[in-house]
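Hello,

Here is the structure you will be working on. Please open it next to this email and follow along.

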Amino acid sequence: MISPAACRGTGNDPGDVLVLVFGDMILDRYCFGDVERISPEAPVPILRVTHEKYILGGAGNVVSNLRGLGAAAFPVGLVGNDAQGVRILDLLSETGVAREGIHVSEVRPTSQKTRMVSGRQQMVRMDTEETFAASPEESSALVAAFRAGLPRCSAVILSDYGKGTCSPANCRAVIEEALSAGVPVIVDPKGPDWEKYRGASWVTPNLKELAEASGLAGLSNDDDEVARAGQDIRVRYGIPHLLVTRSEAGMTLLSDEGELHVRSVAREVFDVSGAGDTVVAVLAAFLACGLSAADAVGLANIAAGIVVGKSGTRPILAAELDDAADGRNRRASSAGKILGEEGAVRRVLEWKEEGLKVSATNGCFDILHPGHVACLEDAAAYGDRLVVALNSDDSVRRLKGPGRPVNPESARARVLAGLAAVDLVVIFGEDTPDRIYGRMRPDVVCKGGDYAADQVAGGEFAGKVVIIPMTESFSTSGIVERIKGENTGTAGGNAD
């Protein structure tokens, strides 16, 4: 598996491509709050809303994923002449995306999905939408915008959510003109009628969508059954590449070369919203910058695994994909917990937006011992998620001397990420975690040892500082001294 970071500087970088996204623009609204009682009017929970958030959904989420990867995007779609449509246009501008491909309709409202969320639990979803096909006037404006953007694009994504933008006529125009221009088309399909997708370069159904298109209501998630159904429908509609996303079974790529099954990494799934958007965005970006089909599918599989571990519709980030792909290359099942600074800060902010309490601790953790484990478990108890800020090798040498660390930062991070108490590991290069804590703003900073609260580095950036007593019978320095003593035949010390 190629790492996307390895592509930097070789010309195979998503930052060098522009992808046209033709599809249904949706506004996703999240209402976050707490449930503390049941309504006296009916046996339903009362959500006390504390804050709301609006993000791009549908084809807009594909755009967000492309931007998260560093690629440029040119969206083409419809919004209504309403407050929700204005908000979508504003969100596109905030994302740094041109809006000239978005047509404002006078006859349909902007599609909006409203989700009510308590903690990480979605309680109910309410949809406001009209799903009739685009009118001749709307279709003319959409195709004109597509034609204007096509010459600059390296790939086209058709994001069909069944809201009316991707009518059969519009899909045929997009696919035929893009292919005539030598630009690949990747389709995220909707519904049983795939005639409108005929000839597309790639189509990416999930298992349910493949079953609907194949007319096989009882299609199982078995490799052979998926391959047979997929190859049949691929040939029927003249699709060179069919990528079936299969949830916990991973993905299956079907083409003239045969079948390729890519297994998913076992991970906790919180929300599958938007995973299909991530898959088509990663595929388009990396195919456009020259990666092979197998490598692009492998990265799409890793990216999908990352986003289903997030709550709500959230795009993939280049740093997250880099870190996770590097971890897959090392066959590290815990690699998803180890992030670079940008990915770590983003994840902490996401947790806090979801109403989760974040605790943090830091240290060298050179030779992990029971005292460390006890401290980490205690720190985890002060929040819903625990972040460990880990001193880099250079930082440890400055703090502990030239003989340390015993274990390199990559090994120390991997061991920490394997602990159930730890949710995120990030390496920092300074002597203290002040700067990274200043960006994360954890709710609680925990520190093991004999300190006063005002002596804890980075404590001023947290709402609370907690001192955790260390287990005195264990210390890394003591372990190192005992090893030295055994090697020289002298008694080793135990005190740190």
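Strand 7, residues 121–128, gives the most to a nonpolar patch on the surface, with 3 residues. The model is a predicted one, so please keep that in mind throughout. The patch is formed by Val35, Met123, Val124 and Met126. Together they have about 290 Å² of accessible area. Look at Val124, which lies in strand 7. Is Val124 buried or exposed, or in between? Val124 counts as partly exposed, because its relative accessibility is 39%, and the buried class ends at 20% while the exposed class starts over 50%.

Now zoom out to the whole protein.

- The protein has 496 residues, and 53% of them count as buried.
- It contains 15 helices and 18 strands.
- The accessible surface comes to about 20600 Å², and carbon and sulfur atoms hold 50% of that.
- Take the contacts with a separation of 6 or more: 68% of them are between residues 24 or more positions apart.

Next, the inside. In soluble globular proteins, nonpolar side chains tend to be buried together. How many residues does the largest nonpolar core have here? The count is 53. Leu66, Val282, Leu283, Phe286 and Leu321 have the most contacts inside this core. Click on Val282 to see its surroundings. Set aside its neighbours within four places in sequence, and Val282 is in contact with Leu69, Ala296, Leu299, Ala300, Ala303, Ile316 and Leu321. There is also a second, separate core of 40 residues. Among its members are Val156, Val185, Leu242 and Leu254.

Polar residues can be buried too, and two asparagines show this.

Start with Asn61. Asn61 sits in helix 1, residues 59–69. Its relative accessible area is 1%, so Asn61 is buried. Which side chain does Asn61 meet in a polar contact? The partner is Asp277, at 2.9 Å.

Then go to Asn362, in strand 14, residues 358–363. Asn362 has a relative accessible area of 10%, which means that it is buried. Apart from neighbours within four places in sequence, Asn362 is in contact with Ala389, Phe428, Pro433, Tyr437, Cys446 and Lys447. With Tyr437 there is a polar contact between the side chains, at 3.3 Å. Check one more distance while you are there. Val426 is 64 residues away from Asn362 along the chain, yet their C-alpha atoms are separated by 9.5 Å.

Last topic: charged pairs. Side chains of opposite charge can pair when their charged atoms come close. A search of the whole structure finds 24 salt bridges. Three of them are described below.

The pair Asp34 and Arg48 meets at 3.1 Å, N to O. Asp34 is in strand 2 (residues 25–38) and Arg48 is in strand 3 (residues 45–58). They are 14 residues apart, and the pair links distant parts of the chain. Asp34 counts as partly exposed, at 33% relative accessibility. Arg48 is partly exposed as well, with a relative accessible area of 43%.

The pair Asp160 and Lys196 meets at 2.9 Å, N to O. Why does this pair tie together parts that are 36 residues apart in sequence? Asp160 lies in the loop between strand 8 (155–159) and helix 4 (168–180), while Lys196 lies in the loop between strand 9 (185–188) and strand 10 (202–203), so the bridge spans that separation. Both Asp160 and Lys196 are buried.

The pair Glu341 and Arg439 has its closest N and O atoms 2.8 Å apart. Glu341 belongs to helix 10 (residues 341–353) and Arg439 to helix 14 (residues 434–440), so the bridge ties together parts that are 98 residues apart in sequence. Glu341 is buried, because its relative accessible area of 19% falls under the 20% limit. Arg439 counts as partly exposed, at 33% relative accessibility. The pair also has company. Salt bridges that share partners join Glu341, Glu342, Glu430, Arg435 and Arg439 into one network.

Best wishes

Definitions and conventions: Residues numbered from 1 in each chain as written. Predicted model: local features only at pLDDT ≥ 70, side-chain atom pairs only at ≥ 80, totals over all residues. Heavy atoms only, no water. Core = buried A, V, L, I, M, F, W, Y, C linked by side-chain atoms within 4.5 Å. Buried < 20%, exposed > 50% of the residue type's maximum accessible area, 1.4 Å probe, protein only. Contact = heavy atoms within 4.5 Å. Helix = DSSP H or I, 4+ residues; strand = E, 2+ residues; numbered from the N terminus. Areas by Shrake-Rupley, 256 points an atom, 1.4 Å probe, with all protein chains shown as cover. Polar contact = N/O pair within 3.5 Å; in protein donor to acceptor, adjacent residues only side chain to side chain. Salt bridge = Lys/Arg side-chain N within 4 Å of Asp/Glu carboxyl O. Patch = residues over 30% accessible without salt bridge, like charges linked within 9 Å, V, L, I, M, F, W, Y side chains within 5 Å.
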